[in-house]
Amino acid sequence: MRSEPIIVPATYKDIRIPAERLRAVMLADLLPEDVILECELALQELLTNLVDHAYGGDAVRTITINLACDATRMLIETRDTGKPASVDLEKAVMPDPTDLAEGGYGLAIIKSLVDEVNYKTENGINIWQLIKYLNRTPGKEETHGS
Amino acid sequence: MALEISTNEQIVRIVTITLRGRFDAFEAPSLRKKCDDYLANEFTHFVFDLTDVSMLDSAGLAVLVSVLKRSRLKNGDVRLVWPEADAASRILKLTKFDQVFTSIERSEIIPRGF
């Protein structure tokens with residue numbers, strides 16, 4: 001199942017809309033609540049990062065979200081034309097909570113909630129893909145999630 | 001020898017803030033402002049009742065961490081009443097802040113607080 005692209009202004013309020021749509025798509029596919037929850041939280045963190053870092057709070061800009069679900073995986077893809085991300089996905093780790101850092105959690109949270117996080121730029125468009133596997137895959141003990 | 005009596009009185013300002021609904025990047029600034037005001041008014045101890053928070057993201061968490069950090073600078077502390085919804089407790093667990101914040105039961109807020 002693939003949803004129509006969702007285009008929202010890059011504001012904290014408007015990025016709630018794709019999460020609601022994501023839930024509807026996943027419920028329609030009868031996916032379990034814990035998987036839906038993990039995807040919702042991952043999407044929320046990603047979109048918040050885009051509002052903050054790609055667009056720096058510029059509410060005139062938009063983010064496009066594509067959702068696709070099949071028998072094996074949930075794919076969440078975002079496209080934006082903001083500042084390219086300068087992140088090393090491999091090195092994004094959760095800050096030590098005892099340091100009481102107020103930021104730097106987003107990407108690490110996303111990585112812990114989904115199975116794959118991919119980022120690339122194409123013709124000035126930043127493309128993020130989050131993939132959640134829905135069935136047992138090689139090397140994974142759990143039916144879903146990480 | 002007469003009994004020596006020494007006393008030490010303290011007035012501690014405690015505020016309990018009860019949240020209901022989504023506590024995300026959209027809502028975080030208003031709570032941060034409210035907490036800024038309490039800190040400016042010498043409140044040092046905060047209880048956040050998260051029982052009815054339906055969803056918490058890292059932006060909401062950042063507000064709680066900020067208040068914890070600043071209250072500790074004033075010899076204060078922050079306690080949390082744990083959220084019932086998984087969508088709210090998950091971020092606290094993932095970031096391991098469940099090991100940093102002291103949690104209390106909702107029933108403990110009034111009689112004990114700290």
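Reader: So how many helices and strands does chain A have?
Author: Chain A has three helices and five strands. Those come from DSSP runs, numbered from the N terminus: helices are H or I with at least four residues, strands are E with at least two. Bear in mind that this is a predicted model, where local features need pLDDT of at least 70, side-chain atom pairs count only at pLDDT 80 or more, and totals for chains, interfaces and linings use all residues. Residues are numbered from 1 along each chain as its sequence is written, while chains are lettered from A and ligands numbered from 1 in the order in which they are written.

Reader: And what order do the elements of chain A run in?
Author: Starting at the N terminus, they go β-α-α-β-β-α-β-β. The radius of gyration of chain A is 15 Å, close to the 15 Å that the globule rule gives for 146 residues, so chain A is as compact as a globular protein of that length. That radius is taken over C-alpha atoms, and the rule is 2.2 Å times the number of residues to the power 0.38.

Reader: What does the C-alpha trace span?
Author: Along its principal axes, the trace of chain A covers about 40 × 40 × 30 Å.

Reader: OK, what share of chain A counts as buried?
Author: 32% of its 146 residues. Buried means that 20 or more other C-beta atoms lie within 10 Å of the residue's own, exposed means 12 or fewer, and partly exposed is in between, with C-beta atoms placed from the backbone.

Reader: Which residues touch the most other members of the largest nonpolar core?
Author: A:Cys39 and A:Ala42, in a core of 62 residues. Helix H2 (residues 33-54) of chain A gives the largest share of this core, eleven residues. A nonpolar core here is a set of buried Ala, Val, Leu, Ile, Met, Phe, Trp, Tyr and Cys residues joined through C-beta atoms within 7 Å.

Reader: What is A:Cys39 in contact with?
Author: Leaving aside neighbours within four places in sequence, its contacts include A:Leu22, A:Met26, A:Met74 and A:Val114. Contact means that the C-beta atoms of two residues, placed from the backbone, lie within 7 Å.

Reader: Switching topic: which residues other than glycine have a positive phi?
Author: A:Leu30 is one of them, at about 60°, and A:Leu100 is another, near 55°. A:Leu30 sits in the loop between helix H1 (16-28) and H2 of chain A, and A:Leu100 is in the loop between strand E3 (73-80) and helix H3 (106-113).

Reader: Is A:Leu30 buried or exposed?
Author: A:Leu30 is exposed, with 6 other C-beta atoms within 10 Å. A:Leu100 has 15 C-beta neighbours inside 10 Å, so A:Leu100 counts as partly exposed.

Reader: Now chain B. Where is B:Ser103 found?
Author: In strand E4 (residues 102-104) of chain B. B:Ser103 is exposed, having 12 other C-beta atoms within 10 Å. Not counting residues up to four places away in sequence, B:Ser103 touches B:Arg79, B:Leu80 and B:Trp82.

Reader: Last one: how many residues of chain A are in contact with chain B?
Author: 19 residues of chain A, which meet 22 residues of chain B. H2(A) gives the most to the side of chain A that touches chain B, with six residues. By class, that side has eight nonpolar, six polar and five charged residues. Nonpolar covers Ala, Val, Leu, Ile, Met, Phe, Trp, Tyr, Cys and Pro, charged covers Asp, Glu, Lys and Arg, and the others, Gly among them, count as polar.
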